[in-house]
Amino acid sequence: AAKSRCPNTKLIASGYSQGCQIVHHAISQLDATTASWISSVLLFGDPRKWLIPGSTGVIAKQKQWTDKL
């Protein structure tokens, strides 16, 4: 309903710690049309990712994140 009223709206999916796991799971269940509404994914303290020594921990991808989560 909201998407039909505001068709240009983009969403950001975000999670912290175990919330990251929920974001991973939820996004993997979305169909391509619904996933296309998400412009960014922001994860804090993701238990599935380990920080590489010397890195910033920032992973930037554009429209390629769905296959990497």
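## Overall layout

Three helices and two strands make up the secondary structure of this chain. Reading from the N terminus, the order of elements is α-β-α-α-β. Keep in mind that this is a predicted model.

Of the 69 residues in the chain, 17% are buried. The chain exposes about 5500 Å², and carbon and sulfur atoms account for 58% of that area. As for how the chain meets itself, take the contacts between residues at least 6 apart in sequence: 72% of them join residues at least 24 apart.

## How far to trust it

The mean pLDDT of the chain is 77, with 68% of residues at 70 or more. Residues 60–65 are the part to be wary of: pLDDT is below 50 there, although the stretch still has nine contacts in the model beyond near neighbours in sequence. Where pLDDT is low, the predicted coordinates shouldn't be read in detail.

Among the elements, helix H1 (residues 2–5) has the lowest confidence, at a mean of 82. Strand S1 has the highest, at 92.

## Helix H2 and its two faces

Which residues of H2 are buried? They are Gly 19, Cys 20, Val 23, His 24 and Ile 27. These residues span an arc of only 150 degrees around the axis, so they sit on the same side of H2. What does that side pack against? The buried residues of H2 pack against S1 and S2.

Turn to the face pointing away from the buried side and you'll find the exposed residues Gln 18, Ile 22, His 25 and Ser 28.

Val 23, one of the buried residues of H2, also turns up in a pairing with Val 41. The two valines are 18 residues apart in sequence, and their C-alpha atoms are 8.5 Å apart in space. Val 41 belongs to strand S2. Is Val 41 buried or partly exposed? At 21% relative accessibility, Val 41 counts as partly exposed, because buried would need a value under 20%.

## The loop ahead of H2

Ser 17 sits in the loop between strand S1 (11–16) and helix H2 (18–28). Its relative accessible area is 18%, so Ser 17 is buried. The Ser 17 side chain makes a polar contact with the side chain of Gln 18, at 3.0 Å, and Gln 18 itself is among the exposed residues of H2.

Setting aside neighbours within four places in sequence, Ser 17 touches Phe 44, Gly 45 and Pro 47.

## Trp 37, just before S2

Trp 37 is in the loop between helix H3 (32–35) and strand S2 (38–44). With 27% relative accessibility, Trp 37 counts as partly exposed.

Which residues does Trp 37 contact, once neighbours within four places in sequence are left aside? They are Lys 3, Thr 9, Lys 10 and Leu 11. Pro 7 is worth a look here too: it lies 30 residues from Trp 37 along the chain, with 9.1 Å between their C-alpha atoms.

## The cysteines

How many disulfides does the structure hold? It holds zero. Cys 6 and Cys 20 can be described by their accessibility: Cys 6 is partly exposed, with a relative accessible area of 43%, whereas Cys 20 is buried at 0%. Cys 20 is also one of the buried residues of H2, on the side that packs against S1 and S2.

Notes: Residues numbered from 1 in each chain as written. Predicted model: local features only at pLDDT ≥ 70, side-chain atom pairs only at ≥ 80, totals over all residues. Heavy atoms only, no water. Disulfide = S-S within 2.5 Å. Buried < 20%, exposed > 50% of the residue type's maximum accessible area, 1.4 Å probe, protein only. Helix = DSSP H or I, 4+ residues; strand = E, 2+ residues; numbered from the N terminus. Contact = heavy atoms within 4.5 Å. Polar contact = N/O pair within 3.5 Å; in protein donor to acceptor, adjacent residues only side chain to side chain. Arc of directions from axis to C-beta. pLDDT = per-residue confidence, 0-100. Areas by Shrake-Rupley, 256 points an atom, 1.4 Å probe, with all protein chains shown as cover.
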